[in-house]
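User: I'd like to go through the labels on this one and hear the reasoning behind each. Can you walk me through it?

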Amino acid sequence: MQNSHRGSCLCGNVKFEMEGEFKKFFFCHCSRCRKISGSAHCANLFAPGAKLTWLSGEDKISFYQLEGANFA
């Protein structure tokens, strides 16, 4: 049986559902994670092989890949 999780952005315009299991969890304190989160750390969850379904707001999502960064 797989786990199902739902989430959204703060304003609620973007909503998603993920089916799968979280395999790794990290609090990162590097300067990039502090900057992106606006706090002392950034929480990162990894769910390889999980199925992500956009429930609303997919057109509002953008993606940035920092060259040399490896989240695995």
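Analyst: Sure, and keep in mind that this is a predicted model. Let's start with Phe25, which sits in strand β3 (residues 24-28).

User: Why is Phe25 called partly exposed?

Analyst: Its relative accessibility is 46%. Buried would need under 20% and exposed over 50%, so Phe25 lands in between and counts as partly exposed.

User: What makes Phe22, Phe25, Phe27 and Leu45 a nonpolar patch?

Analyst: Patch members need over 30% relative accessible area and no salt bridge, and nonpolar side chains are joined within 5 Å. Phe25, at 46%, clears that area cut-off. Together, the four residues put about 410 Å² of accessible area on the surface.

User: Is Asn44 buried or exposed, and how do you know?

Analyst: Buried: its relative accessibility is 16%, and the cut-off is under 20%. Asn44 belongs to strand β4 (residues 42-46). Leaving out residues up to four places away in sequence, Asn44 touches Lys24, Phe25, Phe26, Cys28 and Cys33.

User: What makes the approach of the Asn44 side chain to the backbone oxygen of Cys42 a polar contact?

Analyst: The distance is 3.3 Å, and the limit for such a pair of N or O atoms is within 3.5 Å.

User: How many aromatic pairs turn up in the whole structure?

Analyst: Three. One of them is Phe16 with Trp54, which is edge-to-face.

User: Why is the pair of Phe16 and Trp54 called edge-to-face?

Analyst: The ring centres are 6.4 Å apart, and pairing requires them to lie within 6.5 Å. The planes are at 75 degrees, and over 60 counts as edge-to-face. Phe16 is in strand β2 (residues 15-19) and Trp54 in strand β5 (residues 51-56), so this pair ties together parts that are 38 residues apart in sequence.

User: How do you know whether Phe16 is buried or exposed?

Analyst: Neither label fits: Phe16 has 28% relative accessibility, so it is partly exposed. Trp54 has a relative accessible area of 30% and is also partly exposed.

User: And what makes the pair of Phe26 and Phe46 edge-to-face?

Analyst: Their ring centres are 5.7 Å apart and the planes are at 75 degrees, so edge-to-face is the right label. Phe26 is in strand β3 and Phe46 in strand β4, so the pair links parts of the chain 20 residues apart.

User: Which of the labels, buried or partly exposed, goes to Phe26, and which to Phe46?

Analyst: Phe26 has 41% relative accessibility and counts as partly exposed. Phe46 has 16% and is buried, because the cut-off for that is under 20%.

Definitions and conventions. Residues are numbered from 1 along each chain as its sequence is written. This is a predicted model: local features need pLDDT of at least 70, side-chain atom pairs count only at pLDDT 80 or more; totals for chains, interfaces and linings use all residues. Side-chain values use heavy atoms; hydrogens and water are left out. Patches are made of residues with over 30% relative accessible area and no salt bridge: like charges are joined within 9 Å, nonpolar side chains (Val, Leu, Ile, Met, Phe, Trp, Tyr) within 5 Å. Accessible areas come from the Shrake-Rupley method with a 1.4 Å probe; for residues, only the protein chains shown count as cover. A salt bridge is a side-chain nitrogen of Lys or Arg within 4 Å of a carboxyl oxygen of Asp or Glu. Helices (H or I, at least four residues) and strands (E, at least two) are DSSP runs, numbered from the N terminus. Buried means under 20% relative accessible area, exposed over 50%, partly exposed in between (1.4 Å probe, protein chains only). A polar contact is a pair of N or O atoms within 3.5 Å; within protein, one must be able to donate a hydrogen and the other to accept it, and residues adjacent in sequence count only if both atoms are side-chain atoms. Contact means heavy atoms within 4.5 Å. Rings of Phe, Tyr and Trp (its six-membered ring) pair if their centres lie within 6.5 Å; planes under 30 degrees apart count as stacked, over 60 as edge-to-face and the rest as tilted.
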